[in-house]
Amino acid sequence: MASEIEELLGFLSSPSPQLKKAAVGIVRDLTGSEDGLLSLSVHSDVALPSLSRLLSQHKEVAGPAVEALINLSQDPRLSERMVEIGLVGTVMETLYKHEASVTRLLVMLLVNLTQLDSGVASLLQVGDDKMQGLYISKIVRSFCRTSTETSEDPFEHVGSILVNISKMEAGRNILLDPKRSLLKQIIPQFDSSSLLRKKGVSGTIRNCCFDADNQLPNLLLISEFLWPALLLPVAGKKVYSEQDLSKMPLELGNALSHEREPVDDPELRKQALESIYMIVLQEAGRELYGPLMVHGYWKLAMKMRKTQRLWKHTNKSAHCWWVAVRIMKNHLRHHLEKTILSSYECFCFNHDSFQKLLYVEP
C-alpha cells in the first residue's frame, strides 16, 4: 500500500492541471521543514525526476517546483543525485523560457548544483569537445546584458556560479580562454550597483589569479581591464596627482583622476589584494605592476592603519594589511623590506586584537 508521500508524488504527474498545481505546492511547502525534507529524501528516486519534469510547465507549476528543488539541493547527496539525472541540462533548456521570477530561481538552483565538482563539470559540459563551454558562455552573456536598474535582476546570482566554476581548473581554462574572453566580459560588472554581482566578479578574478603560475599570460592579455578592477577597490576616493597618474597605465589613470565612491566592503578589498599578490609572485606580473605597487600599497597600508571606520572589521582589515605588505615584499629586496615589516609588527603588537589575528586564515 502506497504511503501518503508516494501518493502525493504521484499527483505531480497528474494530467489534471489543478491537481498537479496543488500537489507541487504541497511538496514545496514540505521542503521548508526538516521533517518534510527527510520524508522526500527517502523517496528522492521519484521526487527528483518528477519535479525536474515540471520545470518546463507554466510558472504556477514551474515556480514551486524550482523552489522545492532549491531546498532539496541543500543536501549534498540529493544535489549529487540531481546532477546524475541531468538536472543541469534541464535547467539550461528551460532557463530562457520563463519570466524573470522563475528564471531567477533557476539560476539560484544552478548555484547550489555547482557547489559540487560534478555539477561544475556538467555545466561546463566537460567531455563534450563540440559543446564544452556553451552553457557557461550563454549565462555569462545574460549576466552581462541584464540591467540592475530594474526591480528584478534574474541573472544576479550568475556571479556566484562563476565563483564556483572558477574553483576548478577546467572552469578557469574556459573563463580565461582568449577566444571566449569570458573573464574579460564579466569584469565590467564590478561597477554594478549590486553587491552580489560585485562579489561574484571579485571572487571569480581571485580564483583565476590563484592559478597565475599557469594562467599569467592569459591574465596579462586582459590587464587593461584587470588594472581598474583590482586597484580601484583599495584606492579610496582620493584624486591622485598628475605625477602619480603619469606612472600608471592610461585606463587606471583615467579612473583615478576624479572623485569616486570608495569600495567599503572589506571582503572586496581583501580579494583584490590577494589577486594582486598572486600576480606579483610571478616575474612578468611584477614587471607589469612595477614601482606603483610599492608606492600605492605603502600608502594603502598606512591608510588602513589610521582609518578608524575599518577597525570594526578587525580581522579582515588586518588581513588586508598583511597582504599589502606581502605584495610590497615581492618588489623590495633591500632596506625598505625591513622597514615595512617592522611597521607591520608595530601595528600588530599595538592592536588589541593581535591574538585574534594569529588565527586569521591567509
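Begin by selecting helices α7 and α8 in this predicted model: α7 passes α8 in a left-handed crossing. The two helices pack at an angle of about 155°, and their axes are 10 Å apart. That angle is over 145 degrees, which makes α7 roughly antiparallel to α8.

Next, display the side chains where these two helices touch. On the α7 side, select Leu87, Val88, Val91, Met92 and Thr94; they meet Leu106, Leu109, Leu110 and Leu113 of α8. By residue type, this contact divides into 8 nonpolar residues, 1 polar residue and no charged ones.

Keep α8 in view and add helix α5, residues 59-72. How do α5 and α8 lie relative to each other, parallel or antiparallel? Their packing angle is about 20°, with the axes 9 Å apart. Because this angle is under 35 degrees, α5 and α8 are roughly parallel. Here too the crossing is left-handed. From α5, the residues to select are Lys59, Ala62, Gly63, Val66, Glu67, Leu69 and Ile70; from α8, they are Val102, Leu105, Leu106, Met108, Leu109 and Asn112. This contact between α5 and α8 comprises 9 nonpolar, 2 polar and 2 charged residues. Leu106 and Leu109 of α8 deserve a second look, since they appear in the contact with α5 and also in the contact with α7.

Now select α5 alone and examine its length. Its 14 residues should span 20 Å at 1.5 Å a residue, and the C-alpha atoms at its ends are 19 Å apart, which agrees. Which residues of α5 are buried? They are Val61, Ala62, Gly63, Pro64, Ala65, Val66, Ala68, Leu69, Ile70 and Leu72. With 10 of its 14 residues buried, α5 is therefore largely enclosed by the rest of the structure. To see what covers these buried residues, show the surrounding helices, including α2 (17-30), α3 (34-42), α4 (44-53), α6 (76-84), α7 (87-94) and α8 (100-113).

Move on to helix α14, residues 195-209. This helix has 15 residues and reaches 21 Å from its first C-alpha to its last, close to the 21 Å expected at 1.5 Å a residue. It is mostly covered, as 11 of its 15 residues are buried. Among them are Arg197, Lys198, Val201, Thr204, Asn207, Cys208 and Cys209.

Within α14, select Gly200. Gly200 has a relative accessible area of 4% and is buried. Leaving aside neighbours within four places in sequence, its contacts are Gly159, Ser160 and Val163. Select His157 as well: from C-alpha to C-alpha it lies 7.9 Å from Gly200 in space, although the two are 43 residues apart in sequence.

The last stops concern the backbone. Most residues other than glycine have a negative phi. Select Gln125, in the loop between α9 (117-124) and α10 (134-145). Gln125 is not a glycine, yet has a positive phi of about 60°. Its relative accessibility is 11%, so Gln125 counts as buried.

Finally, select Ser181, in the loop between α12 (169-175) and α13 (182-186). Ser181 also has a positive phi, of about 55°, although it is not a glycine. Is Ser181 buried or partly exposed? With a relative accessible area of 24%, Ser181 is partly exposed.

Technical notes: Residues numbered from 1 in each chain as written. Predicted model: local features only at pLDDT ≥ 70, side-chain atom pairs only at ≥ 80, totals over all residues. Heavy atoms only, no water. Helix = DSSP H or I, 4+ residues; strand = E, 2+ residues; numbered from the N terminus. Expected span 1.5 Å × (residues − 1). Buried < 20%, exposed > 50% of the residue type's maximum accessible area, 1.4 Å probe, protein only. Contact = heavy atoms within 4.5 Å. Axes fitted to C-alpha atoms, helices over the stretch in contact; angles between N-to-C directions. Parallel < 35°, antiparallel > 145°, perpendicular 65-115°, else oblique. Left-handed = near helix turned anticlockwise from the far one by under 90°. Nonpolar A, V, L, I, M, F, W, Y, C, P; charged D, E, K, R; others polar.
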